[in-house]
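Colleague: I'm new to this structure, so please take me through it slowly. Start with any vocabulary I'll need.

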Amino acid sequence: AIPGCLTQCGGVEIPYPFGVGTNCSRKGFRIKCINGSAGEEIPVLLPTTRYQNIRVLNLSVSPLPEARVLLPVAWQCFNATGGVTGIYSGDVDFNPEGVYRISNTQNELFVLGCDTYAFTKGVRVHNVNARFPYRYFTGCITVSVDDKDPRDGACAGLGCCRVDIPPGITDTSMTFSSTWTRANQTFCPCDYAFIVEKGNYTFKASDLVSHTPDNRLPLDWWTMPLRLDWAIRDNNGDSMTSISCAQAPNEPDYGCRSKHSECTNSTNGPGYFCKCAHGYDGNPYVQSDGECTNINECQDPKSHNCSSGSKCIDTDGGYYCQCNFFRRGQQCDPLIPMAAVALLTTFAAVVLGCVAIVLLQTLNNRKRFNRNGGKLLNAQGITTYTKRELKKITNGYSKRLGGGHFGNVYEGTIVDGRKVAVKCPLRTRVSSHRCHWKNLIRPRRVPLPQQRVEEDGSFMNEIRFQFEVSRHKNLVQLLGCCLETDIPILVFEFVANGSLEDILHSAKKPCTLSLPERLDIAIGSAEAIAYMHSLDNQKRVHGDIKPSNILLDDDLNPKVSDFGSSKLLAIHSYYVRAVAADIGYMDPLYMKTEHFTLECDVYSFGVVLLELITRRRASWYEQDHQGNKILPIEFVKCFKDHGSGCAMYDSRLDFSAGEDAQSRCNKRCLDMIGMLAVRCLKEDKRERPTMAEVVEELKRVKVLLLGTHI
Ligand SMILES: Nc1ncnc2c1ncn2[C@@H]1O[C@H](COP(=O)(O)OP(=O)(O)OP(=O)(O)O)[C@@H](O)[C@H]1O
């Protein structure tokens with residue numbers, strides 16, 4: 001509205017060119033704001049040439065110029081004889097300045113009656129010689145013989161008819177006519193005709209009787225909402241003289257005042273109306289406040305069609321879509337197809353993941369290496385290997401030599417071409433075929449906190465110790481280790497001929513060891529154990545002396561192995577009993593005291609001696625002779641009973657008490673070894689010899705034997 005003019009009345013907005021009061025509207029668009037019976041504000045159209053006020057329901061300037069108003073229904077009624085008792089044509093003359101046309105697209109014409117023909121007309125023709133006084137006549141006919149025909153919702157000629165209207169209609173004045181008599185028509189005492197907004201009226205048969213007019217003014221009686229098209233039409237909307245967009249912009253009172261407005265020719269009657277240009281919204285009929293201003297299409301996703309791959313940029317009167325990074329084209333398609341992006345991303349993620357894993361592993365390896373004292377061991381000339389190097393050395397751990405409680409042993413070759421045995425720790429030992437003391441007496445195994453291992457440097461000290469002592473010719477030499485694991489992996493010299501266990505008891509190959517060879521094996525092994533027992537600073541119990549831990553090289557030189565593995569396990573897992581041994585070789589005293597001493601090794605070695613001379617296992621099963629036999633028990637008994645172990649000596653050894661000097665000597669030597677073994681097995685550990693004494697005794701046997709064997 002113009003500044004200083006009413007902007008609304010009774011809740012209805014009044015936009016320019018409409019206005020209330022003098023100089024507030026354009027000519028023909030004046031609105032009056034009156035008070036209703038209850039004092040409420042009611043906007044009505046002005047000026048009218050009659051007394052009626054046309055109530056305005058809504059006024060709009062865009063997108064289409066429309067006014068929604070209430071107009072009265074036309075009627076005529078009859079008495080019982082068919083005589084007309086009253087009539088109202090519905091003519092309200094709401095259009096003195098000619099700006100309105102009844103919208104032909106939004107409204108329709110209804111006629112209600114039982115013998116009725118009603119029509120309206122529009123656009124008076126001034127030419128006296130014209131065929132008709134008006135350009136348009138439109139209406140319809142409706143009949144009904146009795147009250148059974150009219151049906152609610154059906155408006156096709158029985159009590160009700162409807163018809164579309166042409167453009168250009170300027171008033172609602174109806175003309176009624178009939179064909180037959182209206183006498184005796186109490187079920188249908190009146191005819192009605194009206195134009196109404198499409199969809200706003202549905203015929204009801206009861207409307208034929210219930211709307212009989214009384215003495216009220218027509219406008220207070222039965223009205224219908226309908227839509228009026230309005231436009232700027234000069235000269236009272238005269239179709240001949242009203243100007244269109246072709247001329248209007250040149251006129252001094254050109255209506256489209258806003259900078260961003262456009263002129264559009266009216267499609268219902270002469271004249272023109274104004275619209276905001278595309279991309280603008282507001283009132284095209286004003287120059288300042290409320291005029292057409294830019295629409296920010298980017299604010300509402302429904303107002304623009306930029307794809308998800310682009311950004312909406314608002315401009316004056318429009319917008320454009322700016323493709324996001326790495327997209328182009330009309331649809332802002334990705335420069336690289338999504339599938340390729342997904343593939344690349346996945347690939348990059350996998351590569352990054354792998355790199356992260358490798359880095360983490362390297363970091364962890366380094367951490368363990370340092371924690372296990374790797375740097376110090378290196379500084380002391382002890383060779384350390386990385387896990388990767390060991391994998392190469394063992395050719396991917398492809399050749400397994402065997403396995404024990406410490407873990408698996410694999411064959412490998414180091415750079416100088418030497419064969420090695422790589423001993424890998426197992427965290428959890430899985431062994432069902434052997435009777436291990438751990439399976440009999442459950443040890444309390446509590447993982448030692450790594451920090452403690454680190455603090456007390458146990459691994460480092462143990463490896464350094466093993467490295468130093470293993471230089472003894474009868475101990476398997478430790479060549480190096482890998483400290484990148486929780487428990488170090490040990491790399492030993494390769495001992496080619498397998499274990500004494502394999503040689504004595506192999507089912508595949510008969511044992512061909514002679515007595516001197518067996519004696520040498522016994523002496524060498526005893527020397528190694530005695531050496532360990534003799535160490536000044538750190539006397540070391542082997543704890544697991546048995547034939548499978550005595551390996552033989554190409555020349556059948558014995559090499560005692562496994563002298564440190566149990567200690568390493570113990571360090572890591574903090575065994576309460578820090579040794580592990582095979583039950584067949586275990587000192588019964590240990591079972592009582594749970595305390596491993598040097599004498600325990602002596603006992604185990606006694607069993608080994610017996611195995612060497614009898615080639616029987618530490619325990620075996622004899623079906624005919626009451627089941628399980630324990631070698632030490634059987635041998636001691638035999639020796640006691642016969643004063644010799646002859647009945648149990650290996651039959652492959654040449655021995656007899658007969659004339660042959662050699663076999664006599666062999667028997668004597670075997671008896672000496674047997675007696676030595678019996679001493680080693682003494683229940684009272686104080687009666688057992690030391691390992692040094694065992695060596696001495698075995699050497700004496702050798703002197704005796706050499707005397708005859710030369
Ligand atoms: N230095 C080595 N050279 C050649 N072979 C070896 C070497 N060390 C071990 N072996 C082989 O690996 C097998 C397993 O050895 P390991 O010492 O781990 O177990 P074990 O002594 O048989 O049992 P446990 O350790 O439980 O007493 C041995 O029987 C032997 O055949």
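Modeller: Let's begin with handedness: a crossing is left-handed if the near helix is turned anticlockwise from the far one by less than a right angle, and right-handed if clockwise. Helices (H or I, at least four residues) and strands (E, at least two) are DSSP runs, numbered from the N terminus. What you see is a predicted model, where local features need pLDDT of at least 70 and side-chain atom pairs count only at pLDDT 80 or more, while totals for chains, interfaces and linings use all residues. Residues are numbered from 1 along each chain as its sequence is written, and side-chain values use heavy atoms, with hydrogens and water left out.

Colleague: Which hand does the crossing of α13 and α14 have?

Modeller: The axes of α13 and helix α14 (residues 661-680) come within 10 Å and cross at roughly 120°. (Axes are lines fitted to C-alpha atoms, for helices over the stretch in contact, and angles run from 0 to 180 degrees between N-to-C directions.) That makes α13 oblique to α14, and their crossing is left-handed.

Colleague: How do the residues of that contact divide?

Modeller: Contact here means heavy atoms within 4.5 Å. On the α13 side we have F635, V636 and F639, which meet D671, G674, M675 and V678 of α14. Ala, Val, Leu, Ile, Met, Phe, Trp, Tyr, Cys and Pro count as nonpolar, Asp, Glu, Lys and Arg as charged, and the others, Gly among them, as polar. The split is five nonpolar, one polar and one charged.

Colleague: How are α12 and α13 oriented to each other?

Modeller: Helix α12 (residues 598-614) packs on helix α13 (residues 631-642) at an angle of about 70°, with 10 Å between their axes. Angles under 35 degrees count as roughly parallel, over 145 as roughly antiparallel, 65 to 115 as roughly perpendicular and the rest as oblique. So α12 and α13 are roughly perpendicular.

Colleague: Which residues of α13 does α12 meet?

Modeller: α12 passes α13 in a left-handed crossing. It brings in Y603, V607, L610, E611, I613 and T614, and their partners in α13 are L631, P632 and F635.

Colleague: On to the sheets. Which strands stand at the edges of the six-stranded one?

Modeller: Strands of a sheet pair through backbone hydrogen bonds, either parallel or antiparallel. Two strands pair if DSSP finds at least two bridges between them. This open sheet has the order β26-β30-β31-β29-β28-β27, with mixed pairing. A single partner strand each, so one side without a neighbour in the sheet: that describes β26 (383-384) and β27 (400-403).

Colleague: What is the bridge partner of G402 in β28?

Modeller: β27 runs antiparallel to strand β28 (residues 407-413), and three bridges join them. Opposite G402, the β28 partner is V409.

Colleague: Which are the edge strands in the sheet of seven?

Modeller: That open sheet is also mixed in its pairing, and its order is β3-β4-β5-β6-β7-β17-β10. Pairing on one side only are β3 and β10.

Colleague: Which residue of β7 stands opposite N58?

Modeller: β6 and β7 form a hairpin with five residues between them. They pair in the antiparallel sense over five bridges, and opposite N58 stands R68.

Colleague: What phi does G82 take?

Modeller: Four bridges join strand β8 (residues 74-78) to the antiparallel strand β9 (residues 84-88). Five residues lie between these hairpin strands, and G82 takes a positive phi near 95°.

Colleague: How far apart in sequence are the parts tied by C5 and C24?

Modeller: A disulfide is a pair of cysteine sulfur atoms within 2.5 Å, and for C5 and C24 these atoms are 1.9 Å apart. The torsion about their S-S bond is about -85°, so this disulfide is left-handed. C5 lies in the segment before β1 and C24 in the loop between β3 and β4, so the parts tied together are apart by 19 residues.

Colleague: Where is the cis bond with omega near 0°?

Modeller: Most residues other than glycine have a negative phi, and most peptide bonds are trans. The bond from Y16 to P17 is cis, with omega near 15°. P63 sits in the loop between β6 and β7, and the cis bond with omega near 0° runs from S62 to P63.
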